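I sat down with this one to look up how its helices pack and where a few single residues sit. These are my notes, in the order I took them.

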Amino acid sequence: MQLVTIFLGFVVFGISENIKGPAIPRIQFDFNLDEQQLGTLLSLNALGYLIACSFTAILVRKWGIKAVSIIAFASMVISGVLIFLSHTYPLFASSYFLMYIGNGMLEIGLAILGARIFVKNTGMMMNLSHFFYGLSSTAAPLLATGVMSLSVFGHLLDWRGMYLVMLSLCLLPILSALRSTFPGDELPHEDRTSFRTLMHDPALWMMVMILSFGVVSELAVGGWLVNFLEKAYAWDTAQAAGMLSAFFLLFSLGRLLLGPLTDRIGFVLSLIIFSCFSAVCTFIALAGGESFAFLFALSGAGIAIIYPTVMAFIARRYPNGSDIAITFVVTLMGLGSVVGNYLIGWVIETVKAMYGSTTELGLLRGLQAGYGFIGLCAAVCSVSGIVLYLYLKRRQELI
């Protein structure tokens, strides 16, 4: 039941985060939103996530991970019901915000659950869990599109009914969680690693560096690869989207097939090797031109390992303080990823201006520099891993 809870949790987490794509145009039309209002609505994602990060670990320590997990899943179901009933924009925006609060609680809660449950083969199991997230993320837009076109008792479900149906799937992990007992909640408060102790551990700060740069490199591909291929190489949208799909396919396969290697190689060494692989693939793809574009997709297999392997490292290094450590690292990662994406846009515009903002060469060089920054993030992730490796090796604390 523990495994069912965590795997189903990652499935519904991936669905809840990625069903918005097909729904957004309909939401915009129904509420007559302009682009700025739509941007504000989507920014609730980051705000709700950060708010959830601020209190989830505290609730875990007070009420236990089982109760907090059930609350997170239940808030998603409730938000689905409220979205279905919302026919005014203020009610809809409030319901959407509640959904992202639940999403943030779910991300922290699932990471803590994994840290407590996967005491053996931690790297493999963390990567396997995140494979389920990747799988459901891939299927979510297609499922959402299909559900929106369904009619029940003569009424079209549309986007409101779709949110109700998809978020109601969170009832499944609630049922398995109710039948489960999770380790760690019975640990006396005095035996838990304190926040102050964690803050004085250089290894945790290096993990923040590794995860922040790794996640920027991972998430930026979704936003910039299609744009790069269309404008730099004049690919049509179908070709460019196909390359992005290949990236996500190799990303998911990387977690499934390479995850078991992290336990054998060691977590820190795995972070160094796989992030370096991703950086090298990106740089060769840029230097080699259009004929090497397939390496953009191949880079996904390397960068996929970073997030779950960092979670595995934290689970192993801080068995009595994983909830606080995960919350701290993931919160700073969220802030870092926002800054990273702004930097990519700034790099593109700066280099474009150097070569001529209105020229084709300026556009090409700007896009190359921006995408090069994505590869650089993976390289920094690898270098940070080397620093961490040397630090832990000197103290004989390698994991």
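**Confidence first**

I started with the confidence, since this is a predicted model. The mean pLDDT of the protein is 87, and 97% of its residues reach 70 or more. I then looked for the extremes: confidence is lowest in helix 3 (residues 35-63), at a mean of 78, and highest in helix 12, at 95. A reminder to myself: where pLDDT is low, the predicted coordinates should not be read in detail.

**Helix 1 against helix 6**

Next I looked at how helix 1 packs on helix 6. I found their axes coming within 7 Å and crossing at roughly 35°. The crossing of helix 1 past helix 6 is right-handed. On the helix 1 side I listed L3, F7, F10, V11, F13, G14, I15, E17 and N18. On the helix 6 side they meet M125, L128, S129, H130, F132, Y133, S136, S137, A140 and P141. I sorted this contact by class and got twelve nonpolar, six polar and one charged residues.

G14 caught my eye in that list, so I looked it up separately. What does G14 touch, leaving aside its neighbours within four places in sequence? I got Y133, S136, S137 and A140. G14 sits in helix 1 (residues 2-18). With a relative accessible area of 0%, G14 falls under the 20% cut-off and therefore counts as buried. I also checked G14 against A241: they are 227 residues apart in sequence, and their C-alpha atoms are 20 Å apart in space.

**Helix 6 against helix 14**

I followed helix 6 (residues 122-148) on to helix 14. Their axes come within 8 Å and cross at roughly 135°. That angle makes helix 6 oblique to helix 14. I noted the crossing as right-handed. Helix 6 brings T122, G123, M126, N127 and H130 to the contact, and helix 14 brings Y307, P308, T309, M311, A312, A315 and R316. By class, I have six nonpolar, five polar and one charged residues here.

**Helix 12 against helix 14**

Then I came at helix 14 (residues 306-317) from helix 12 (residues 267-288). Are the two roughly parallel or roughly antiparallel? Their axes come within 10 Å and cross at roughly 165°. That angle is over 145 degrees, so helix 12 counts as roughly antiparallel to helix 14. I wrote the crossing down as left-handed. From helix 12, F267, V268, L271 and S275 take part, and they meet I306, T309, V310, A312, F313 and R316 of helix 14. I split the residues of this contact into seven nonpolar, two polar and one charged.

A cross-check of the helix 14 lists: T309, A312 and R316 appear in the contact with helix 6, and T309, A312 and R316 also appear in the contact with helix 12.

**Two more buried residues**

I wanted to know whether R160 is buried or exposed. R160 is buried, with a relative accessible area of 14%. I placed R160 in helix 7 (residues 158-168). Not counting neighbours within four places in sequence, R160 is in contact with D30, F31, I83, F84, S86 and H87.

S384 was next, and I found it in helix 16 (residues 360-394). Its relative accessible area is 8%, which means S384 is buried. Leaving out residues up to four places away in sequence, S384 touches M209 and I210. I also checked S384 against G300: 84 residues apart in sequence and 19 Å apart in space, C-alpha to C-alpha.

**Backbone oddities**

Last, I went through the phi angles. Most residues other than glycine have a negative phi, and I was after exceptions.

F153 has a phi near 55°, a positive value in a residue other than glycine. I located F153 in the loop between strand 1 (151-152) and strand 2 (155-156). At 80% relative accessibility, F153 counts as exposed.

Where is Q396 found? I found Q396 in the segment after helix 16. Q396 is not a glycine, yet its phi is positive, at about 55°. Its relative accessibility is 75%, so Q396 is also down as exposed.

How values were computed
Residues are numbered from 1 along each chain as its sequence is written. This is a predicted model: local features need pLDDT of at least 70, side-chain atom pairs count only at pLDDT 80 or more; totals for chains, interfaces and linings use all residues. Side-chain values use heavy atoms; hydrogens and water are left out. Axes are lines fitted to C-alpha atoms, for helices over the stretch in contact, and angles run from 0 to 180 degrees between N-to-C directions. Helices (H or I, at least four residues) and strands (E, at least two) are DSSP runs, numbered from the N terminus. Angles under 35 degrees count as roughly parallel, over 145 as roughly antiparallel, 65 to 115 as roughly perpendicular and the rest as oblique. A crossing is left-handed if the near helix is turned anticlockwise from the far one by less than a right angle, and right-handed if clockwise. Contact means heavy atoms within 4.5 Å. Ala, Val, Leu, Ile, Met, Phe, Trp, Tyr, Cys and Pro count as nonpolar, Asp, Glu, Lys and Arg as charged, and the others, Gly among them, as polar. pLDDT is the predictor's confidence in each residue, from 0 to 100. Buried means under 20% relative accessible area, exposed over 50%, partly exposed in between (1.4 Å probe, protein chains only).
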